[in-house]
Amino acid sequence: MRPSEFEYHKAESLEQALALLQEFGDEGRPIAGGQSLVPMMNLRLARPAHLVDINGLGLDAIEEGGGVIRIGALVRHETYLAEPLIIDNFPAFIDGVHAIGHPTIRRNGTIGGSLAHSDPTAELPLLCMLHDGEIIVASAGGERRILATQFFEGAYMTVLEPGEMIVAVELPVPPASSSGAFVEMAERRGDFAIAACGVTLEHAGGRVTRAAVACSGAGQTAMRAPQLEEALEGLELECPDAATAIAAFTDTLNPPDDHSASADYRRALIGQLVERALSVACSRAMEAS
Amino acid sequence: MIEITLEVNGETRRLSVESRRLLADVLRQEFNLSGVHIGCAQGACGCCTVHLDGKPRLSCLTFAAQCDGMSVRTVESVGGVDADHPLQKAFRSEHGLQCGYCTPGFIMTLIPFVEEMTAEGRMPDDEEIREAMSGNICRCTGYQGIVEAVRKAIGENLKEGAQA
């Protein structure tokens, strides 16, 4: 299919983009890489009357400062794979980037676009939640900051208001003795995931001192697992047996039951993915220390 | 309607397009480049891959209006009517195609990969080749012939480089 009619506007500055988005309200959408929005428009699941092209605005820096790493909204996915600030600090993030779509999609898609699209099993929403990310959103009225854990409301739904646009994401710099991993399961490489899981660990003396776990595939958005995270504290890196805690977590899940997988399968799969991500994160922590 | 200037396979043209027109449709209908194939129109099959300012891009996920002043290369710019680019020849000899619908997309996706490997002077393993072509779907070959064609094209480039 082909998109319905819209008016195209190429923004020359952030100010101009925000003014246009304010003018158009819920009839307007920013477009960057278009790797999620244009398929939605081709399928006529999205029919914005106005597209504001923000590709010319810069917003593509990755910078460290004030204890955070700030990723501009227009950073393309493939950029991370050669970016020391991400490679050195966020191993789980790098794992996740490899699982985003295909090379051509990774070259064009942006982090702002992926977060605003809010696909239930997309990698970047999960990774931003895992890394305690904050999403910085601008409108003609100013800026606001939203925790990634509070940003996603459902499949293709976020707390973004008409006229607002994501400008950056900030991830706190993890301490030196930290590690992480991300694994996902999809029917085909690069396809939408059935489920995915990311784990980060801080450690000392061969044991986990703080853990974060995020998974997708159990609901309309990715989720953190606070009780499981607590249960993982004190875990030995050398033989991380967390089967009981993981089972206690997956028992609480109520995943969808549909043509691509049953609820039981998804629950079992998420448990497996948590176990694998945890095991990789622990061996990476051992290698580094 | 939006006025844009496109340079396509060396020919520069100014044209007026509706905002909603996909680059793929403009290339096919305005430039008569029927080698730009449209499979899924949602970014899953890779058939419509062209080079935009030198880099592979899905022309079904790109509005022509976004490409003002840019340079486009389609499969027609590769190997001429005889399709004698080393990768195209390797596709023929290694059974890298059957019906041919997906082939332009594979060729445009894989040419930069073959060039990159040649420049690095190394033969990638099958896993890496499969990753490079993971955004393209082929329903005929089962992919193994395509993997072999890529290996052959890189191998021949490396041999030539060694002789030169």
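Colleague: Which residues of helix 2 (residues 86–93) of chain B are buried?

Modeller: This is a predicted model, and burial is judged by counting C-beta atoms: a residue is buried if 20 or more others lie within 10 Å of its own. In helix 2 of chain B, the residues that count as buried are L87(B), Q88(B), A90(B) and F91(B).

Colleague: Within what arc do the buried residues of helix 2 of chain B fall, seen down its axis?

Modeller: An α-helix has 3.6 residues a turn, so residues three or four places apart point the same way. The buried residues of helix 2 of chain B line one face of the helix, because their arc, seen down the axis, is within 160 degrees.

Colleague: Against which helices do these buried residues pack, and which residue with a positive phi follows helix 2 of chain B?

Modeller: The packing partners of the buried residues are helix 3 (103–120) and helix 5 (144–163), both of chain B. After helix 2 of chain B comes a residue whose phi is positive, near 55 degrees, and this is H95(B).

Colleague: In what order do the strands of the four-stranded open sheet of chain A stand, and which of them are at the edges?

Modeller: The pairing in this sheet is antiparallel, and the order is 11-12-13-14. Two strands have a single partner each, so one side of each is left without a neighbour in the sheet; these edge strands are strand 11 (178–186) and strand 14 (223–224) of chain A.

Colleague: Over how many bridges do strand 11 and strand 12 of chain A pair, and which helix touching both makes about 20 degrees with strand 11?

Modeller: Strand 11 and strand 12 (residues 193–204) of chain A are antiparallel, with nine bridges. A186(A) has A193(A) of strand 12 opposite to it. Packed on the sheet and touching both strands, at about 20 degrees to the direction of strand 11, is helix 4 (residues 91–98) of chain A.

Colleague: Which helix lies across strand 11, strand 12, strand 13 and strand 14 of chain A?

Modeller: The helix in question runs at about 25 degrees to strand 12 of chain A. Its residues are 123–130, and it is helix 7 of chain A.

Colleague: Which residues of the largest nonpolar core touch the most other members, and which helix gives the largest share?

Modeller: The core has 134 residues, and those touching the most other members are V199(A), C215(A), L273(A), A277(A) and L110(B). L273(A) touches several residues distant in sequence, including V183(A), A195(A) and C215(A). The largest share of the core, nine residues, comes from helix 10 (residues 263–288) of chain A.

Colleague: How many residues of chain A are in contact with chain B, and which element gives the largest share of that side?

Modeller: The contact involves 23 residues of chain A and 22 residues of chain B. By class, the chain A side has nine nonpolar, eight polar and six charged residues. Strand 1 (7–10), helix 2 (37–42) and helix 5 (103–108) of chain A each give two or more residues to this side. The largest share, five residues, comes from helix 5 of chain A.

Colleague: Is R44(A) buried or exposed?

Modeller: R44(A) is in the loop between helix 2 and strand 3 of chain A, and its phi is positive, near 60 degrees. Exposure requires 12 or fewer C-beta neighbours within 10 Å. R44(A) has 11 such neighbours, so it counts as exposed.

Terms used
Residues numbered from 1 in each chain as written. Chains lettered and ligands numbered in written order. Predicted model: local features only at pLDDT ≥ 70, side-chain atom pairs only at ≥ 80, totals over all residues. Core = buried A, V, L, I, M, F, W, Y, C linked by C-beta atoms within 7 Å. Contact = placed C-beta atoms within 7 Å. Nonpolar A, V, L, I, M, F, W, Y, C, P; charged D, E, K, R; others polar. Arc of directions from axis to C-beta. Pairing = 2+ DSSP bridges. Axes fitted to C-alpha atoms, helices over the stretch in contact; angles between N-to-C directions.
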